[in-house]
Amino acid sequence: PVLVTASAQLNGTYTINNLNPTGGTNFNNFQDAFAALACGSSGPVTINVEAGQTFSSTGPLVANFSGGPAAPIIFQKAGVGGNPSISFTGTTSTTDGGLTFNGTDWVTWDGIDIMQGGTSSANWVEYGIHILKAAGNNGSSNNTFRNFTIDLGTSTITTARGVFMANSVTSNSPNGASSNNTFDNLNIINVNSAGLWLAGSTTVGNQDIGNTIQNCTISFKDISTAAYGVYLTGQENFDVNNNTFGNFTRSNNSLVYPLFVTGNATTSSGSFESNIVENISNSSTGIIYGIYIFNGGVVNVTNNIVRNLSTSGEIRGIFSNAATTTECTISRNRIYGINTNSVGTAYAAGIQAAFGTNYINNNMITGITGNTSTQASATGASGIHISGGTLHEIYNNTVIITGSGVRSAALSWSATTAN
């Protein structure tokens with residue numbers, strides 16, 4: 001005979017407290033709680049994690065479970081004191097994740113820090129949070145991550161990201177998207193590549209929909225790789241609002257794109273609203289584009305502050321450089337202190353539009369400083385520069401610039417096809 005022991009499905013309130021063993025309604029560690037949830041839940045589950053306690057995980061902590069709209073699963077800090085935390089160690093691979101959601105739905109992670117436990121390339125973790133699709137028809141959706149720190153530590157791996165939501169399996173239906181996830185009040189530090197990198201399908205009908213990034217703070221280390229505060233592709237109806245990106249220096253020629261969207265005209269639409277991009281400098285020739293619409297559909301860039309950006313290379317406060325089908329509204333933004341120290345052909349612009357249809361209105365643009373070189377027609381400083389596109393409506397903007405390069409102007413126009 002074979003004795004089979006079946007665990008009861010969780011339902012109700014539980015604790016994680018490492019001072020007590022696993023048993024009853026307590027789990028000694030996250031691994032035990034995740035294993036219990038993998039057996040299923042029969043109703044709402046709340047797991048209170050004791051404030052100030054520290055935990056560890058060798059390898060990823062994988063959530064192979066889901067809640068539901070009437071039966072969510074919540075992990076949350078409980079009690080007075082600092083956030084509890086988990087330190088993750090990885091392997092020699094450059095794609096190790098920490099907290100990993102794999103086709104996971106309706107889970108909240110609230111007030112529990114995620115820390116780098118690795119000390120070298122032999123065991124660094126590259127992604128603080130790794131969000132995967134379990135199958136082409138099973139994405140990770142309706143999850144909430146809020147009120148905690150992600151610290152990538154001393155890692156020098158150029159792909160290290162605070163949050164990486166991957167298009168890991170090709171979506172073959174809307175259910176294969178990772179949609180309606182919220183990232184709220186995250187403090188993401190010691191980033192190399194990206195604070196949050198959300199990648200969905202660029203197939204119409206299968207793209208991620210309705211993901212929100214809000215109230216987050218992101219800062220970077222000084223290493224030689226492109227830096228993205230938020231990178232979005234295959235994201236429809238995205239909402240990026242009230243975040244702060246910056247307060248760091250780079251000393252190499254790598255690119256810095258604090259807010260970036262790409263994809264195509266029907267799978268990358270949404271809004272950047274009320275964000276702050278500030279205090280970013282590069283002593284070398286690295287390009288800085290504060291808000292960069294590289295490709296997309298209908299994108300609204302409103303009420304943002306972009307300030308105190310400086311490099312010896314090309315620099316833009318806001319750059320609409322997308323496809324001819326893109327419609328971009330750039331309105332009510334404050335852009336100031338945009339400076340290039342270049343002695344070559346680089347120039348500075350508060351706003352530049354290069355493709356598509358752009359509605360540029362009611363922006364305040366001041367302190368745009370370009371170089372004084374006369375080496376090429378591209379030098380100088382522009383408040384608003386139009387270099388291409390289909391249709392532009394520009395009105396009610398206030399522009400003050402500094403610099404004597406040959407393109408220095410409140411409004412400059414080098415396009416041959418735009419109206």
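F75 and W109 are both buried, where buried stands for under 20% relative accessible area, exposed for over 50% and partly exposed for anything in between (1.4 Å probe, protein chains only). The two rings also form an aromatic pair, with 5.4 Å from centre to centre and 40° between the planes, which makes it tilted. Rings of Phe, Tyr and Trp (its six-membered ring) pair if their centres lie within 6.5 Å; planes under 30 degrees apart are called stacked, those over 60 edge-to-face, and the rest tilted. F75 sits in strand β6 and W109 in strand β9 (residues 107-110), 34 residues apart, so the pair ties together distant parts of the chain. Strands here are DSSP runs of E with at least two residues, helices are runs of H or I with at least four, and both are numbered from the N terminus.

This is a predicted model, in which local features need pLDDT of at least 70 and side-chain atom pairs count only at pLDDT 80 or more, while totals for chains, interfaces and linings use all residues. Residues are numbered from 1 along each chain as its sequence is written, and side-chain values use heavy atoms, with hydrogens and water left out. The protein chain averages a pLDDT (the predictor's confidence in each residue, from 0 to 100) of 90, and 91% of the residues score at least 70. Residues 1-6 stay under 50 and have 0 contacts beyond four places in sequence, a contact being heavy atoms within 4.5 Å.

F75 and W109 turn up again in the largest nonpolar core, which has 82 residues; along with F30 and F272, they have the most contacts inside it. Such a core is a set of buried Ala, Val, Leu, Ile, Met, Phe, Trp, Tyr and Cys residues joined through side-chain atoms within 4.5 Å. Helix α1 (residues 30-38) supplies the largest share of this core, 5 residues. Beyond its neighbours within four places in sequence, W109 touches ten residues' worth of company, including F30, F34, F75 and F148. Apart from this core lies another, of 15 residues, with F164, A166, A194 and Y228 among them.Then there is the sheet. It is open and holds 12 strands, in the order β5-β8-β11-β13-β15-β19-β22-β25-β28-β31-β34-β37, with parallel pairing; two strands pair if DSSP finds at least two bridges between them. β5 (61-63) and β37 (409-413) stand at the edges with a single partner strand each, so one side of each has no neighbour in the sheet. Further in, 5 bridges join β15 (residues 194-199) to β19 (residues 227-233), and A194 has Y228 as its bridge partner.

Y228 also pairs with Y231: their ring centres are 5.0 Å apart and their planes at 85°, so the pair is edge-to-face. Both tyrosines are buried, and they belong to a cluster of linked ring pairs that includes W197, Y257 and F319.

V80, by contrast, is exposed at 87% relative accessibility, in the loop between β6 (73-78) and β7 (85-89).
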